[in-house]
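User: I would like to learn how to read a structure like this one, feature by feature. Can you take me through it?

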Amino acid sequence: MSPSNREIRIQIDSRLEFIDMIQQATEDVCRAALFGRETVFNISLAVREAVINAIRHGNRLASEKQVHVVFRLDGDKLTVTVRDEGEGFDFEQLRDPREPDNLFKPTGRGLFFIRSFVDRVAFSRVNGGGTEILMEKRIERRGRRGRAVRANQEASEGGGV
């Protein structure tokens, strides 16, 4: 793996008591990527929600099943994947929590929040069972004049890293 590509893999039992550890790891990775405070908070909430969904809905709280989390820093983006070992779900049938019939339901907002906090979300089924959610967030840096620029753009413009 090249110096600009870094990867961290974490595997946990499907136990809700591991959620805070995953959130802390997410915050640490985001700080290493030099995201701002608000973005660190948003990404950590997105990953937290994805892991909770993997434990509760994917693995159905079966502690013998695993949740796999992979953080990948690759140039100008952070990619996080969360995979469960459950039966999977039909991610094309997800309901919008803003629709009138869903407004007062106590659940169903997690994926809405995830989509709000990252730049790209994709779902896939895993061979052998399970679902994987991929979340991507572009890394923007501040240039010399204080404006946001992509990480690879800054270097080409002579900005400091």
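Analyst: What follows is a walk through the sheet, the helices, some single residues and the aromatic rings of this predicted model.

User: Let us start with the sheet. What is the order of its strands, and in which sense do they pair?

Analyst: A sheet is read by listing its strands in the order of their pairing. Here five strands make an open sheet in the order β1-β2-β3-β5-β4, and the pairing is antiparallel. At the edges stand β1 (5–13) and β4 (120–125), each of which pairs on one side only. From one strand to the next, the twist averages 15 degrees.

User: How many bridges join β1 to β2, and which residue in β2 stands opposite glutamine 11?

Analyst: Bridges give the register of a pair of strands. β1 and β2 are antiparallel and share nine bridges. Within β2, histidine 68 is the residue opposite glutamine 11.

User: And what are the partners of β3?

Analyst: Strand β3 covers residues 77–83 and pairs with β2 and with β5. With β2 (residues 66–74), the pairing is antiparallel over seven bridges, and phenylalanine 71 faces valine 80 of β3. With β5 (residues 131–138), the pairing is also antiparallel and has seven bridges; there leucine 78 is matched with lysine 137 of β5.

User: What connects β2 to β3?

Analyst: The two strands form a hairpin with two residues between them. Glycine 75 is in the turn and has a positive phi of about 65 degrees.

User: Is β3 mostly covered or mostly open?

Analyst: To judge that, count the buried residues along the strand. Five of the seven residues of β3 are buried, so the strand is mostly covered, where buried means under 20% relative accessible area.

User: Which strands does α2 touch?

Analyst: Helix α2 packs on the sheet and touches β1, β2, β3 and β5. The direction of α2 makes about 175 degrees with that of β5.

User: How do I read the packing of two helices, say α1 on α2?

Analyst: Look at the angle, the distance between the axes, the handedness and then the residues in contact. The axes of α1 and α2 are 9 Å apart, and the helices pack at an angle of about 145 degrees. Their crossing is right-handed. On the α1 side the contact includes Ile19, Ile22, Gln23, Thr26 and Glu27, and on the α2 side it includes Val40, Ile43, Ser44, Val47 and Val51. By class, this contact has ten nonpolar, three polar and four charged residues.

User: What is the handedness of the crossing of α2 and α3, and which residues meet there?

Analyst: The crossing of α2 and α3 is left-handed. The axes of α2 and α3 (residues 110–117) come within 9 Å and cross at roughly 145 degrees. Asn42, Leu45, Ala46, Glu49, Ala50 and Asn53 of α2 meet Gly110, Leu111, Ile114 and Phe117 of α3. Six of the residues in this contact are nonpolar, three are polar and one is charged.

User: Now a single residue. Is serine 44 buried or exposed?

Analyst: Read the relative accessible area, then the neighbours. Serine 44 lies in helix α2 and is buried, with a relative accessible area of 0%. Leaving aside residues up to four places away in sequence, serine 44 touches Gln23, Thr26 and Glu27.

User: Which residues have a positive phi although they are not glycine?

Analyst: Leucine 34 and leucine 61 are two such cases. For leucine 34 phi is about 70 degrees; this residue is in the loop between α1 (19–32) and α2 (37–58) and is exposed, with a relative accessible area of 52%. For leucine 61 phi is about 60 degrees. Leucine 61 is in the loop between α2 and β2 and is partly exposed, at 49%.

User: Last, the rings. How many aromatic pairs does the structure hold?

Analyst: It holds two aromatic pairs. One of them, phenylalanine 113 with phenylalanine 117, is stacked, with 6.2 Å centre to centre and 10 degrees between the planes. Both residues lie in helix α3, four residues apart, about one turn of the helix. Phenylalanine 113 is partly exposed, with a relative accessible area of 39%. Ring pairs link Phe112, Phe113 and Phe117 into a cluster.

How values were computed. Residues numbered from 1 in each chain as written. Predicted model: local features only at pLDDT ≥ 70, side-chain atom pairs only at ≥ 80, totals over all residues. Heavy atoms only, no water. Buried < 20%, exposed > 50% of the residue type's maximum accessible area, 1.4 Å probe, protein only. Pairing = 2+ DSSP bridges. Contact = heavy atoms within 4.5 Å. Axes fitted to C-alpha atoms, helices over the stretch in contact; angles between N-to-C directions. Left-handed = near helix turned anticlockwise from the far one by under 90°. Nonpolar A, V, L, I, M, F, W, Y, C, P; charged D, E, K, R; others polar. Phe/Tyr/Trp six-rings, centres within 6.5 Å; stacked < 30°, edge-to-face > 60°.
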